[in-house]
Amino acid sequence: MKRCLLKTGQIFKPVKKEDWAAVAAIIGMYGMMGMMGITCPILFMTGISCAGCGMTRAWLSLFRLDFGAAFYYHPLFWLPALLIVLFLFEKRIFKQWYWLWAALFLFVYGIRMFAGQGEIVMFRPEEGFLYRMFIFLRKLL
């Protein structure tokens, strides 16, 4: 890292225009879905909570300094922020750990799905858009 700083004089990697365009498109897409009442596209399409389910509520709880609620909504709410910081500083040591962190995220997701946290993590495929479209098309045929 020190050698990189001496060559470029930059702490962070330069961000490409394409990256900013992708970020803007994602924010715009989520904004439009939010206006339509769709809070999670994966839950909406499948009826099954994603591995990040509860993350927004966890961060909102953290901003209110309610640490207990933050861990209740998602016990790994701190992990994405840590990964972003590590990504920005581009430390090669931690890149080897990404798979471990992804496995930890999926492990916690499995536990939360098995424990069935009610309104936070749910498995209701019959409420998903894809299942409802399948039933609708099956009735037509």
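Leaving aside its neighbours within four places in sequence, which residues is Ser 49 in contact with? In this predicted model, the list reads Leu 43, Tyr 109, Met 113, Ile 120, Val 121 and Met 122. Ser 49 sits in the loop between H3 and H4, and with a relative accessible area of 1% it is buried. One of those partners, Met 122, also takes part in a polar pairing: its backbone nitrogen is 2.8 Å from a polar atom of the Ser 49 side chain. So here is a loop residue that counts as buried because its relative accessible area, 1%, falls under the 20% cut-off.

It helps to step back and look at the whole chain. There are nine helices and zero strands, so anyone tracing the sequence from start to end meets the pattern α-α-α-α-α-α-α-α-α. The chain has 141 residues, and buried ones make up 21% of them. Among contacts with a separation of 6 or more, 53% come from residues 24 or more positions apart.

Helix H8, which covers residues 98-115, is the place of Gly 110. How far apart are the C-alpha atoms of Gly 110 and Ala 51? The separation is 8.4 Å, for two residues that are 59 residues apart along the chain. Gly 110 itself is partly exposed, at a relative accessible area of 35%; that value is neither under 20% nor over 50%, which is why the label falls in between.

Arg 112 is found in H8 as well. Is Arg 112 buried or exposed? The answer is buried, with a relative accessible area of just 4%. Its side chain reaches the backbone oxygen of Tyr 73, and the distance there is 2.6 Å.

Leu 65 makes a handy contrast in terms of burial. This residue lies in the loop between H4 and helix H5 (67-73). Its relative accessible area is 62%, so Leu 65 counts as exposed. The backbone of Leu 65 is worth a look too: phi is near 65°, a positive value in a residue other than glycine.

Next come the cysteines. How many disulfides does the structure hold? The count is zero. A disulfide is a covalent bond between the sulfur atoms of two cysteines. For Cys 40, the closest cysteine sulfur is in Cys 50, at 4.0 Å, and that is too far for a bond because the cut-off is 2.5 Å. Cys 53 has its closest cysteine sulfur in Cys 50 too, at 5.5 Å, so this pair is also too far for a bond. Both residues are on the buried side: Cys 40 has 17% relative accessibility, and Cys 53 has 9%.

Cys 40 and Cys 53 turn up again in the largest pocket. Rolling a probe the size of a water molecule over the atoms shows where empty space is left. The largest pocket holds about 570 Å³ of space. Its lining is made of 23 residues, and the closest to the centre are Thr 39, Cys 40, Cys 53, Gly 54 and Thr 56. Helix H3 (41-46) and helix H4 (55-63) are the elements that each give two or more residues to this lining. Which element gives the most? That is H3, with four residues. Sorted by class, the lining has 12 nonpolar residues, six polar and five charged.

How values were computed:
Residues are numbered from 1 along each chain as its sequence is written. This is a predicted model: local features need pLDDT of at least 70, side-chain atom pairs count only at pLDDT 80 or more; totals for chains, interfaces and linings use all residues. Side-chain values use heavy atoms; hydrogens and water are left out. On a 1 Å grid over the protein atoms alone, a cavity is a set of points where a 1.4 Å probe fits but cannot get out, and a pocket is an open set with protein on both sides within 12 Å along at least five of seven lines; lining residues have an atom within 4 Å of a point. Grid points are joined across faces, edges and corners, and a volume is the space filled by probe spheres set on the points. Ala, Val, Leu, Ile, Met, Phe, Trp, Tyr, Cys and Pro count as nonpolar, Asp, Glu, Lys and Arg as charged, and the others, Gly among them, as polar. Buried means under 20% relative accessible area, exposed over 50%, partly exposed in between (1.4 Å probe, protein chains only). A polar contact is a pair of N or O atoms within 3.5 Å; within protein, one must be able to donate a hydrogen and the other to accept it, and residues adjacent in sequence count only if both atoms are side-chain atoms. Contact means heavy atoms within 4.5 Å.
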